[in-house]
Amino acid sequence: MTVLEHRYWPVDGPPTLGGTVADVQSDRALLDQIRATPWIAALLARLFDFDVSRAAYGPVEPVHLANGESLEMIAGDASGGAFMLVGLGSQRPVVYVGSEGEGGLIATSLRDALALVVGLSSLHDATARPFADDGSQLRDWLTQADHYIRADWPQLDMERDRLREALELPAADELLAALHAAAANEHYRPISDGGDRYRSMLE
């Protein structure tokens, strides 16, 4: 059993990088800030493929977790994937449910999930290669992916900095190892109502 499993977290939510549950904005307040700030919501959707307006439509199919914890869709991406908060509490784990049958835990709080979404070329790129040794090969791969994005979006780094400052996000690079550990956690693998378990994002 790993430290990422929800049953070992405090009753009001998991720990977060760079602070405690008591001294960081709650996931609900962070989500409310995004929804209430048009430029943030629009930029997250347009450049970083995290669209809170898609939450109204739900995931591509109903899913649940084996332990029965609740799932709340808060955003979607252009491929039909869904970002879902797990359970209750101030800081809640975030599960990604892909439209092609892949999914799993990506972060222990919404703030860390947003840091990954904003700071990386994509979650799919970040899980397409193993986090081996010191992670240098994965970082090189992500640097190359960013290079192609900048060709179409020269303002990428500026927009990342704007969102990091507005939402007080940690650096995505610090979360790469945690992302791979989270994605490997079988307890947060989505299961369809038909009983099919989603495959790991690391496969």
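Which are the buried residues of α6? The close-ups below start there.

**View 1. Helix α6 and its buried side.** This is a predicted model, in which local features need pLDDT of at least 70, side-chain atom pairs count only at pLDDT 80 or more, and totals for chains, interfaces and linings use all residues. Residues are numbered from 1 along each chain as its sequence is written, and side-chain values use heavy atoms, with hydrogens and water left out. Helix α6 (a DSSP run of H or I, at least four residues, numbered from the N terminus) has L156, E159, R160, L163 and L167 as its buried residues (under 20% relative accessible area, 1.4 Å probe, protein chains only). Seen down the axis of α6, they fall within an arc of 105° (taken from the directions from the helix axis to the C-beta atoms), so they line one face of the helix.

**View 2. The other face of α6, and what comes after the helix.** Turned away from the buried side are M158 and E165, both exposed (over 50% relative accessible area). Just after α6, E168 takes a positive phi of about 55°.

**View 3. The tilted pair F50 and F83.** Ring centres here lie 4.9 Å apart with planes at 50°, so the pair is tilted (centres within 6.5 Å; under 30 degrees is stacked, over 60 edge-to-face, the rest tilted). F50 is buried at a relative accessible area of 2%, and F83 is buried at 3%. Together with Y96, F50 and F83 form one aromatic cluster.

**View 4. Arginines over tryptophan rings.** The charged end of R129 sits over the ring of W141, 3.8 Å from its centre (CZ of Arg within 6 Å of the ring centre and within 35 degrees of the ring normal). R162 lies over the face of W39, 4.1 Å from the ring centre.

Conventions:
Helices (H or I, at least four residues) and strands (E, at least two) are DSSP runs, numbered from the N terminus. Rings of Phe, Tyr and Trp (its six-membered ring) pair if their centres lie within 6.5 Å; planes under 30 degrees apart count as stacked, over 60 as edge-to-face and the rest as tilted.
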